[in-house]
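Please open the model in your viewer and keep the sequence panel beside it. We will go from stop to stop, with something to select at each one.

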Amino acid sequence: MSFDEQQTPATADLTPVSRRAELFPDATDDQWNDWRWQMRNSVRDGARLAQLLKLTDDERAGVAETAKIFRLGISPYYLSLIDPAHPFCPVRMQAVPVKAEARKRAGELRDPLGEDPRRPVEAIVHKYPDRVLFLALDTCSVYCRHCTRRRITNGGEAELNKTELEKGLEYVRTHPQVRDVLLSGGDPFLLSEERLEQILAPLRAIPHVEMIRIGTRIPVCLPMRVTESLAKLLRKYAPLFVVTHFNHPKEITVEAKRACELLVDHGVPVENQAVLMRRLNSDARIITELSHACLKMRVRPYYLHQMDVAEGLEHLRTPIEAGVKIIEQMRGWTTGLAVPHLAVDLPGGGGKVTLQPDYVLERKPNETILRNYRGQPYAYPEPEETDCSCPYDDVWRAQRR
Ligand SMILES: *Cc1c(COP(=O)(O)O)cnc(C)c1O
């Protein structure tokens with residue numbers, strides 16, 4: 001494996017090419033920076049989209065053929081980042097449907113992660129021993145064309161009503177093994193602060209809930225939603241982590257950076273989960289630049305997801321090996337914190353597993369031979385003693401009671 005060091009991307013400055021002035025000339029700054037104005041002016045149908053963006057034939061067909069399959073919705077802010085001259089613009093590929101999305105392939109699943117059989121109540125997906133996913137609503141600021149939870153975000157589940165919310169909370173309350181609750185949907189930051197707090201406050205009051213995570217694309221698609229008042233609200237429920245979803249460095253604009261830094265400044269750590277998408281970000285240079293841009297605004301790269309086997313997404317899937325190769329081109333060559341975990345969420349509901357390049361060349365009883373990131377072999381001598389039990393552990397456990 002060789003990685004041309006000349007190719008290591010210089011950390012680019014934030015130079016967003018926004019078409020705001022051209023597309024929304026009448027919007028005042030107050031309107032533009034008001035997330036509710038952005039939501040009211042979201043582009044939700046093909047006719048409006050075609051007025052604002054010259055669609056390719058593939059996109060025109062995509063918009064028409066996916067109309068009955070999955071919602072269209074693009075915030076003016078996100079739309080203004082689309083390159084009008086290039087169908088492979090990463091923002092465009094995530095927001096504008098193409099024909100391939102309307103095609104179902106054999107083996108593709110409506111519920112690719114096997115979540116529905118693991119929903120003891122409407123609001124909860126309980127798949128791992130100690131943590132649950134809490135689904136709060138079915139709406140988003142932008143409907144990602146790569147959404148794999150579209151059976152939910154396509155509508156029909158709506159915002160949790162009082163009964164369903166209470167059942168979800170009751171489930172967490174009565175399952176003491178749940179120490180981590182991941183709030184998602186839909187996008188929880190589209191809830192009013194009052195509604196959000198009606199979920200966070202009772203969750204935080206449950207003694208065994210040690211931490212809360214919120215999965216959101218707001219910093220990417222609607223950064224004006226991150227207000228000081230939202231950041232302060234979130235800080236009250238610490239430890240609370242925001243997990244966001246930047247897929248390409250082009251999305252890291254001045255506005256996105258302001259949103260992330262505001263959260264971090266208020267004591268809310270932010271992590272990023274990217275999804276690997278063919279011909280959009282399936283290149284080590286892009287993922288490396290994305291990671292660097294995230295770290296520069298104190299957002300930690302967390303997962304790099306292999307695309308789920310969801311209906312209509314074959315055209316965005318990469319071979320497993322492509323992801324492993326990207327990690328191999330990052331590990332050692334850049335800051336360890338910049339290297340995400342490559343995760344495959346197993347089709348059918350097995351949960352996530354992580355993959356990484358195999359650095360072990362040979363295992364012998366007395367030593368293991370490994371290669372380093374440059375491919376050079378090194379020996380690690382194995383110790384003579386192999387008992388790894390910790391004698392103090394019982395003492396420590398007894399003392400804590
Ligand atoms: C991804 C996921 C989680 C969280 O997994 P981590 O590896 O802890 O980030 C929890 N529940 C479900 C259903 C998930 O898909």
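The tour below visits a buried acidic residue, then some aromatic ring pairs, then a surface patch. Keep in mind along the way that this is a predicted model.

**Stop 1: Asp-180**

Select Asp-180 and colour its strand, β3, which covers residues 180–184. Is Asp-180 buried or exposed? Its relative accessible area is 3%, so Asp-180 counts as buried, the cut-off being under 20%.

Now show what surrounds this residue. Beyond the neighbours within four places in sequence, Asp-180 is in contact with Asp-130, Arg-131, Val-132, Met-211 and Arg-213. Which of these should you show as sticks next? Try Arg-213: its side chain and that of Asp-180 are joined by a polar contact of 2.8 Å.

For a sense of scale, add Arg-150 to the selection. Arg-150 and Asp-180 are 30 residues apart in sequence, and in space their C-alpha atoms are 24 Å apart.

**Stop 2: the aromatic pairs**

How many aromatic pairs are there? Counting rings whose centres lie within 6.5 Å, the model has 6 aromatic pairs. Begin with Trp-32 and Trp-37: the ring centres are 5.9 Å apart and the planes meet at 50°, so this pair is tilted. Both of these tryptophans are buried. Add Phe-24 to the selection and you will see a cluster, with ring pairs linking Phe-24, Trp-32 and Trp-37.

Next, move to Trp-333 and Tyr-373. Here the ring centres lie 4.9 Å apart with planes at 85°, so the pair is edge-to-face. Where does each partner sit? Look for Trp-333 in the loop between α15 (320–328) and β8 (341–346), and for Tyr-373 in the loop between β11 (367–371) and β12 (377–381). The pair therefore ties together parts that are 40 residues apart in sequence.

Switch on the surface to compare how the two are covered. Trp-333 is buried, with a relative accessible area of 17%, whereas Tyr-373 is partly exposed at 27%.

**Stop 3: a nonpolar patch**

Leave the surface on and select Tyr-392, Val-395 and Trp-396. These residues form a nonpolar patch on the surface, and together they have about 310 Å² of accessible area.

Finish by centring on Trp-396, which you will find in helix α16 (residues 393–400). The relative accessible area of Trp-396 is 40%, so this residue is partly exposed.

Notes
Residues numbered from 1 in each chain as written. Predicted model: local features only at pLDDT ≥ 70, side-chain atom pairs only at ≥ 80, totals over all residues. Heavy atoms only, no water. Helix = DSSP H or I, 4+ residues; strand = E, 2+ residues; numbered from the N terminus. Buried < 20%, exposed > 50% of the residue type's maximum accessible area, 1.4 Å probe, protein only. Contact = heavy atoms within 4.5 Å. Polar contact = N/O pair within 3.5 Å; in protein donor to acceptor, adjacent residues only side chain to side chain. Patch = residues over 30% accessible without salt bridge, like charges linked within 9 Å, V, L, I, M, F, W, Y side chains within 5 Å. Areas by Shrake-Rupley, 256 points an atom, 1.4 Å probe, with all protein chains shown as cover. Salt bridge = Lys/Arg side-chain N within 4 Å of Asp/Glu carboxyl O. Phe/Tyr/Trp six-rings, centres within 6.5 Å; stacked < 30°, edge-to-face > 60°.
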